[in-house]
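Colleague: Please choose one part of this model and look at it closely with me, going slowly enough for a first-year student to follow. I would like one connected account, beginning with a single spot in the backbone and working outwards from there.

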Amino acid sequence: MSDNDPERPAAAHPEGDAAAAPSAATVPSAAAASSAAAASSAATASSDAALADEAAAVPGAVAAAGKRPLVHRHHWLVRVTHWANAVLLAGMIGSGLQIYNAFGHFGPRGGPYYPNPFDGKPFPLKVRLGGWLAGGLNWHFALAWPFVLTGAAYLLYMAISGEWRSLLFRPRDVPRAIAMQLYYLRLRKQHPPQGKHNALQKGAYTFILLLGVISVLSGFAVYKPAQLSWLTALFGGYELARYWHFWAVFLFLAFTLVHVTLVLVVDPASLRAMITGWYRGRFPSHD
Amino acid sequence: MTDRRLSRRDLFRLGLAAGPASLLASCGWDGGPHLGPKLHAISKVNDWVGEKLFLSADRLAPQYPRSQRTAPRDFPAYSISHPLPVVADPAAWAFEVKGLVAQPQRLTLAMIQALPRVTYTVKHHCVEGWTAIATWAGAPLASVIALAQPTAAARFIRFDSFDHGYFNGWDLKSAMHPQTILAYAWNDRPLTPAHGAPLRLYAPIKLGYKLTKFLTAMTFTAEQPGGYWENQGYPWLGGV
């Protein structure tokens, strides 16, 4: 059932949009530039799933009419930092929940405590890392450095390469995001033109990067509330900094759930792209 | 064809599941005999960063109005000994300053109270994550250090207590900080046994477990002295 699903919505997708046409530079074949448009017509024929698959199975195959083009989507630095941060973030969350267990409230001793559905409830062993408070602290502080460094390397790459333009959500993306939402709600027939990411994706990825930055800053605010008292004050004081630091966990988890679900359901080929860098899927025009 | 496509996708899903699964298998893991010591080594790097980059010799921790003090009954007081350790003969109690010093000292409480007095209302940060505000008063540790005149070889201080062998090691930079005191008063009253009577170490720039209660002696050393909790895995510097 899910097998042919990716084909059907593709038919409605304006792969041939001039605004969204792929640049020849990103397609590793001279013949491929023209094939993007062909790919969309091929995709409308829902019976050729096997055919498209055949093409994907031939390494380095020249994209020909009826086959999806192979495009290079992610720089190695993006791929390495993406997976490194996925693993590091899991460790940060596990050790963070271990630390939380030592005092499961937010607010000064004696209260009042800030609203928290987990108030006074310890997290079970299977989601914790470290075994006890000191173990959790040591994991948390050991993983924090590579987490910050990979994040910084990624942001630096985005800034220097100019890639930030395809990812950063800016004010002009607001109407585009609304148009995209209307399209998803089937209140708009035509897929809004887009670059590498649509406006809603830009919003999601900008949000998660911002969340990463806020997590790191609130982490330092909790780590050194006396030496960095100005930073701690920016978050509303130590207790609130710890509170925001904790809530970031659940925003990360919610994002990851939606992110992974969309990858698997809407565009599984993007998973390969994040591993190898190469993309051969439904949305080649976005590269 | 369709079967192969499914299996390839399944492989993707398996790969996706493998990451979280391997993490799950490691839950509650302190690193084991191989990674555990490495984590502790990284903790020493963090101690270095904490002392050299974050810790300022004279930046003061924020102070609070007395009206923001935590209700005394809500201020936790931990000790290793149960019941609370109490000095049998307060008149016989004295605080020794020894080790790598030119002038070893044996100070009575009256002598310490005769030194300059520092009073502040500050936030106490426990490693567990709770905070509590109280007013503390005592003699600047720097004034006691000045009396003892540590030698050039002295790089650390070991603080000992009569609380079942509880002790802490400190760096000299934190010890010389103007808000680091030998405290004898808590919330405008003489220190109670729960908070370390007759004398305890206090500073708003360190976590609570670094603030040795029930003091008996301080010893200047060349080697890093460790500490009761620190030797069990807690960060040694414990700076906030």
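Modeller: Pro83(B) belongs to the loop between helix H2 (32–54) and S1 of chain B, and everything said about this loop and its surroundings comes from a predicted model. The peptide bond that joins His82(B) and Pro83(B) is cis, with omega about 0°. This deserves a pause, because most peptide bonds are trans.

The loop that holds Pro83(B) leads to S1 of chain B, and strand S1 (residues 95–99) of chain B is a good place to enter the sheet, with three bridges joining S1(B) to S2(B) in an antiparallel arrangement. These two strands, S1(B) and S2(B), make a hairpin, with five residues between them. To see the pairing at one position, look at Glu96(B), which stands opposite Arg106(B) in S2(B). Glu96(B) also has Ala217(B) as its bridge partner in S10(B), and there the sense of pairing is parallel, since S1(B) and strand S10 (residues 215–221) of chain B are joined by four bridges in that sense.

Stepping back from Glu96(B), we can place these strands in an open sheet of five strands, whose order is S2-S1-S10-S5-S6 in chain B and whose pairing is mixed. The two edges are strand S2 (105–107) and strand S6 (167–171) of chain B, each of which pairs on one side only. From one strand to the next, the twist averages 15°.

Two loops beside strands of this sheet contain residues with a backbone angle that is worth a second look. Most residues other than glycine have a negative phi, yet His164(B) has a phi near 50°, a positive value, and Phe214(B) likewise has a positive phi, near 50°. His164(B) is placed in the loop between strand S5 (156–161) and S6 of chain B, whereas Phe214(B) is placed in the loop between strand S9 (200–202) and S10 of chain B.

Which of these residues, His164(B) or Phe214(B), is buried and which is exposed? Counting neighbours settles the matter: a residue is called exposed when 12 or fewer other C-beta atoms lie within 10 Å of its own, and buried when there are 20 or more. His164(B) has 12 other C-beta atoms within 10 Å, so His164(B) is exposed. Phe214(B) has 26 within 10 Å, and therefore Phe214(B) is buried.

We can now set these details against chain B as a whole, which has five helices and ten strands. Of its 240 residues, 36% count as buried. If we take the contacts in chain B between residues at least 6 apart in sequence, 72% of them join residues at least 24 apart. The pairing of Glu96(B) with Ala217(B), described above, is one example of two residues brought together across the numbering of the chain.

Finally, chain B meets a partner: 47 residues of chain B are in contact with 38 residues of chain A. On the chain A side, the elements that give two or more residues are helix H3 (49–57), helix H4 (76–100), helix H5 (133–161) and helix H10 (238–266). Among these, H5(A) gives the most, with eight residues. Sorted by class, the side of chain A that touches chain B has 22 nonpolar, eight polar and eight charged residues.

One last comparison takes us back to where we began, since chain A also has a cis peptide bond, joining Gly111(A) and Pro112(A), with omega about 0°. Pro112(A) is in the loop between H4 and H5 of chain A, just as Pro83(B) is in a loop, the one between H2 and S1 of chain B.

Note on methods: Residues are numbered from 1 along each chain as its sequence is written. Chains are lettered from A and ligands numbered from 1 in the order in which they are written. This is a predicted model: local features need pLDDT of at least 70, side-chain atom pairs count only at pLDDT 80 or more; totals for chains, interfaces and linings use all residues. Two residues are in contact if their C-beta atoms, placed from the backbone, lie within 7 Å. Ala, Val, Leu, Ile, Met, Phe, Trp, Tyr, Cys and Pro count as nonpolar, Asp, Glu, Lys and Arg as charged, and the others, Gly among them, as polar. Two strands pair if DSSP finds at least two bridges between them. Axes are lines fitted to C-alpha atoms, for helices over the stretch in contact, and angles run from 0 to 180 degrees between N-to-C directions.
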